[in-house]
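Me: Please take a close look at one part of this model, the largest pocket, and describe what lines it and how the surrounding strands are held together. A formal account with the cut-offs stated would be appreciated.

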Amino acid sequence: MVLRPVLPTAAARLADGGGLDDRPGGPVWVGGRPPEATASTAAAVAQSVTLGPYCPGWGLFTITRADDGTAVGSICFHGPPDDEGEVEIGYTLCPAARGEGWATEATRLLADWASGRPEVRTVRAVTEPANIPSQRVLERAGFVPSGDRGGLRTYVFAEA
């Protein structure tokens with residue numbers, strides 16, 4: 001697996017429905033399209049350049065298969081670390097790629113990277129209470145439940 005950063009110009013194309021397929025060297029998505037949540041996250045990345053602040057490394061990444069470069073989903077930070085050193089991650093997979101461990105591996109990679117940064121004290125993720133598959137992904141990736149926030153279940157990364 002490879003996590004590839006989606007830079008603001010590519011994010012703008014993705015948000016507009018371009019899917020990145022139309023640019024040379026861009027990923028082809030399993031199932032032909034990126035997940036819906038990827039486009040909305042891409043829009044936020046594209047807007048962060050004008051609304052500020054865009055912080056390279058703290059945005060959107062495609063989750064791609066190393067063997068053929070096919071994108072199976074995306075994972076992101078919901079922004080750079082805040083003043084308390086907390087950063088939140090989120091992920092989504094193409095329906096055809098679910099249940100194969102991609103989200104778990106990508107979540108672990110991103111959480112490991114973030115937790116190694118001096119400005120990060122907490123890596124957090126949230127899920128809907130009924131989203132048991134996402135909760136299992138987080139637990140397999142090294143996160144532990146940490147309560148509820150705004151009707152969502154929260155998890156924090158507990159370094160292994």
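Reply: The account below begins with the basis of the values and then turns to the pocket, the strands and the side-chain contacts.

This is a predicted model, in which local features need pLDDT of at least 70 and side-chain atom pairs count only at pLDDT 80 or more, while totals for chains, interfaces and linings use all residues. Residues are numbered from 1 along each chain as its sequence is written, and side-chain values use heavy atoms, with hydrogens and water left out.

The protein chain comes to four helices and seven strands, where helices (H or I, at least four residues) and strands (E, at least two) are DSSP runs numbered from the N terminus. In order from the N terminus, the elements run β-α-α-β-β-β-α-β-α-β-β. Of the 160 residues of the chain, 42% count as buried; buried means under 20% relative accessible area, exposed means over 50%, and partly exposed lies in between (1.4 Å probe, protein chains only).

The largest pocket has a volume of about 890 Å³. A pocket is defined on a 1 Å grid over the protein atoms alone, as an open set of points where a 1.4 Å probe fits, with protein on both sides within 12 Å along at least five of seven lines; lining residues have an atom within 4 Å of a point. Grid points are joined across faces, edges and corners, and the volume is the space filled by probe spheres set on the points. The lining holds 43 residues, of which Ser74, Ile89, Gly90, Tyr91 and Thr92 lie nearest the centre of the pocket. At least two lining residues come from each of α2 (36–51), β3 (71–77), β4 (86–93), α3 (102–115), β5 (122–127) and α4 (132–140). By residue class, the lining divides into 22 nonpolar, 15 polar and six charged. Here Ala, Val, Leu, Ile, Met, Phe, Trp, Tyr, Cys and Pro count as nonpolar, Asp, Glu, Lys and Arg as charged, and the others, Gly among them, as polar.

Strand β3, one of the contributors to this lining, is mostly covered, with seven of its seven residues buried. Strand β3 pairs in the antiparallel sense with β2 (residues 60–64) over five bridges, and with β4, also in the antiparallel sense, over five bridges; two strands pair if DSSP finds at least two bridges between them. On the β2 side, Ser74 of β3 is the bridge partner of Thr62. On the β4 side, Cys76 has Gly90 as its bridge partner. Ser74 and Gly90 are thus both bridge partners and among the residues nearest the pocket centre. The hairpin of β2 and β3 has six residues between the strands, and Gly69 there takes a positive phi near 75°.

Cys76 is buried, with a relative accessible area of 6%, and Cys94 is buried at 1%. The structure holds zero disulfides, a disulfide being a pair of cysteine sulfur atoms within 2.5 Å.

Six salt bridges are found in the whole structure, each being a side-chain nitrogen of Lys or Arg within 4 Å of a carboxyl oxygen of Asp or Glu. Strand β4 takes part through Glu86, whose side chain meets that of Arg149 in a salt bridge (3.6 Å, N to O). Because Arg149 lies in strand β6 (residues 143–149) and Glu86 in strand β4, the pair ties together parts that are 63 residues apart in sequence. Arg149 is partly exposed, with a relative accessible area of 38%. Glu86 and Arg149 also belong to a network of salt bridges that includes Glu88 and Arg124. The C-alpha atoms of Arg149 and Val126, 23 residues apart along the chain, are separated by 8.3 Å.

Strand β6 pairs in the antiparallel sense with β7 (residues 152–157) over six bridges, and Gly147 stands opposite Thr154 in β7. Two residues lie between the strands of this hairpin, where Gly150 takes a positive phi near 60°. A salt bridge joins Arg153 to Asp148, with the closest N and O atoms 3.9 Å apart. Arg153 is partly exposed at 32% relative accessible area, whereas Asp148 counts as exposed at 60%.

A further salt bridge joins the side chains of Arg65 and Asp68 (2.7 Å, N to O). Arg65 is partly exposed at 23%, and Asp68 is partly exposed at 45% relative accessibility.
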